[in-house]
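Student: I'm new to this structure and would like a close look at one part of it. Could you pick a stretch with strands, walk me through it slowly, and then show me what else is worth finding?

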Amino acid sequence: MTLKSPKLMEARRAAGILESALRGHTGDLTLADASARSGLPLRDAESGLHLLVSEYRGHLKATSEGELLFRFPHGFTKPWETRTRLQRALRAVLRGAAGVARFVVRAWIAIVLIAYVAIFVGILIAQMFARSSNDSRDHGGFSGSFAGYVLFRVVLDAIFWTFHPFSPFVWTADPPWSSSHERRGAFGQAYGRRRDETPFYEKVNRFFFGPTPAPRDPLEDEKLILAEIRAQRGRIGLADVMRVTGLPRDEADPLMARLMLDYDGTVDVSEEGGIVYRFEAIRRTAAEAPPRPPAPVWAKREELPPLTGNGAGVNALIVALNGFNLMMSLYALGAHLTLDNLGLLISGVPMAELPPTGTAVALGVVPLVFSLALFALPLGRALLRPLKRRRLARRNARRAVLQAILTRVGARQGREPITEEVLQRAWQDAAGAPPRSEEITREVVALGGDVDLEAGGGIRYRFPDLETEAKALEAEREAASEEEARAGKVIFSSDA
């Protein structure tokens, strides 16, 4: 009688059975424990456990006997999800508010810089008409109507060409007809900077809201890990994941559990307990050159973006225009330039004869409030820059400490001591300020380190998990076959 090959249960279904069977359990679990309590075969219990580790941020441990231990510190709950949802909701609200604010600012700047300037110029023209002779006052109705019509058309045309999606009028640092943006030397080589074609409204947004950050690829971490897997002969550890992504250990662990399900990975445990993630299928390639490993996360230092990203001349122009409208709004409030008085002024009544009643809302209060608010935005961002700079300095410092540890932990460099002075110097070089003692301790504990009590002459740290992992990885990579990466001989081609 022939035996049929066992049918694998879907990982999601196995995870559901395990979740029900293990609910309420605390502490570590072996694969056999989970299989016995759930009644699942070992193969199905293994796939279900790895899925649960990924979903509930569980942890993996390895014993000296080569056994994997599964642990779920939060049980089968997601206490971080409520916080994450609140953070996502808050970010969505802030993004929506920022989007509305950007639109309002863009619209307001267009109105202030174009329409209000045109209105104030129209007021000056109306004052000139009002000071004309008595003969012209007799025809003031016609002149006022004509001036009002011209003013109305100027405002509408300005708004139309500002918001028209196909408007050819784009304010740049160098006008399109100018050749100053590119000059040529005696040998015909172009030099000088290229013409800045950023629209003026975008420069305004930069001034008030700062440069728009580049969008981040949501799969960036996975791409880096996969590149590291292929470059490291299909065998990596958590130290490799932290090296290329900068993720903390408690986030890298469940991420690898998910990647094993997505990319047919397996876990090997050495006799000393070192965990190695093996991905043989992802090594297949048609390229002849060996894959290059990605740069470590500390190779690129995070820098604080500029306050505006504009040139000094553009910033000065925006400040001058907003300041002009601020001053004119104060003048309008003092002169009681209400809409009714504006109509009288256009019709030919001199400024001195306008009734000093009413509050100028459209020409006074509105531009005053918005102009003050627009000045407050970059001022507030400037005041917050030291806080952001310290936050980036701590992030760069944590990466520097990670570099100091990972470059000293390994089968070949494992004997090089990791002292407190080394970590403090790495932190200070990256952050520009010495660390507090608890900051170094926090980073060491997060990487599974402890104090080496046998070492003398100052505080030294050991990282047993990383050391055993490095030794296991070295052995696995030396034993890895190059045949795993070869796609095989071509036996058929459609273009033959």
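**A hairpin and its surroundings**

Tutor: Let's start at a turn. Strands E7 and E8 make a hairpin with 5 residues between the strands, and in that hairpin glycine 273 takes a positive phi near 100 degrees. Before we go on, keep in mind that this is a predicted model.

Now follow the two arms of the hairpin. Strand E7 covers residues 266–269, and 4 bridges join E7 to E8, the two running antiparallel. To find your place, look for threonine 266, which stands opposite arginine 278 in E8. E8 has another partner too: strand E6, residues 235–236, is joined to E8 by 2 bridges, and this pairing is also antiparallel. Here the landmark is isoleucine 236, standing opposite tyrosine 277 in E8.

What is the general idea behind such pairings? Strands of a sheet pair through backbone hydrogen bonds, either parallel or antiparallel. As for side chains, in a regular strand they alternate between the two faces of the sheet. You can follow that in strand E8, residues 275–278: Ile275 and Tyr277 lie on one side, with Val276 and Arg278 on the other. Are those four buried or exposed? They are all buried, and both faces of E8 are covered.

For another set of strands, go further along the chain. There, 3 strands form an open sheet in the order E9-E11-E10, with antiparallel pairing. Strand E9 (418–419) and strand E10 (450–451) stand at the edges with a single partner strand each, so one side of each has no neighbour in the sheet. E9 is joined by 2 bridges to strand E11, residues 460–462, and these two run antiparallel. Isoleucine 418 is a handy marker, as it stands opposite tyrosine 461 in E11.

On to the helices. Helix H7 (residues 200–209) is mostly covered, with 7 of its 10 residues buried. Among the buried residues of H7 are Phe200, Lys203 and Val204. Phenylalanine 207 and phenylalanine 208 are both buried as well. There is 1 aromatic pair in the count, and those two residues form it: edge-to-face, 5.0 Å centre to centre, with 90 degrees between the planes. Just after H7 comes glycine 210, which takes a positive phi of about 90 degrees.

Helix H8 is a good next stop, with glutamate 222 in it. Glutamate 222 has a relative accessible area of 14%, and it counts as buried because that is under the 20% cut-off. Leaving aside residues up to four places away in sequence, glutamate 222 touches Arg258, Leu259 and Tyr263.

H8 also leads us to the largest pocket, which holds about 1900 Å³ of space. The pocket has 47 lining residues, and the closest to its centre are Arg216, Glu302, Leu392, Arg395 and Arg399. Helix H8 (220–231) is one of the elements that give two or more residues to this lining, and others include helix H9 (238–245) and helix H10 (249–262). Which element gives the largest share of the lining? That is H13, with 11 residues. Sorted by class, the lining of the largest pocket has 24 nonpolar, 4 polar and 19 charged residues.

Technical notes
Residues are numbered from 1 along each chain as its sequence is written. This is a predicted model: local features need pLDDT of at least 70, side-chain atom pairs count only at pLDDT 80 or more; totals for chains, interfaces and linings use all residues. Side-chain values use heavy atoms; hydrogens and water are left out. Rings of Phe, Tyr and Trp (its six-membered ring) pair if their centres lie within 6.5 Å; planes under 30 degrees apart count as stacked, over 60 as edge-to-face and the rest as tilted. Buried means under 20% relative accessible area, exposed over 50%, partly exposed in between (1.4 Å probe, protein chains only). Two strands pair if DSSP finds at least two bridges between them. On a 1 Å grid over the protein atoms alone, a cavity is a set of points where a 1.4 Å probe fits but cannot get out, and a pocket is an open set with protein on both sides within 12 Å along at least five of seven lines; lining residues have an atom within 4 Å of a point. Grid points are joined across faces, edges and corners, and a volume is the space filled by probe spheres set on the points. Ala, Val, Leu, Ile, Met, Phe, Trp, Tyr, Cys and Pro count as nonpolar, Asp, Glu, Lys and Arg as charged, and the others, Gly among them, as polar. Contact means heavy atoms within 4.5 Å.
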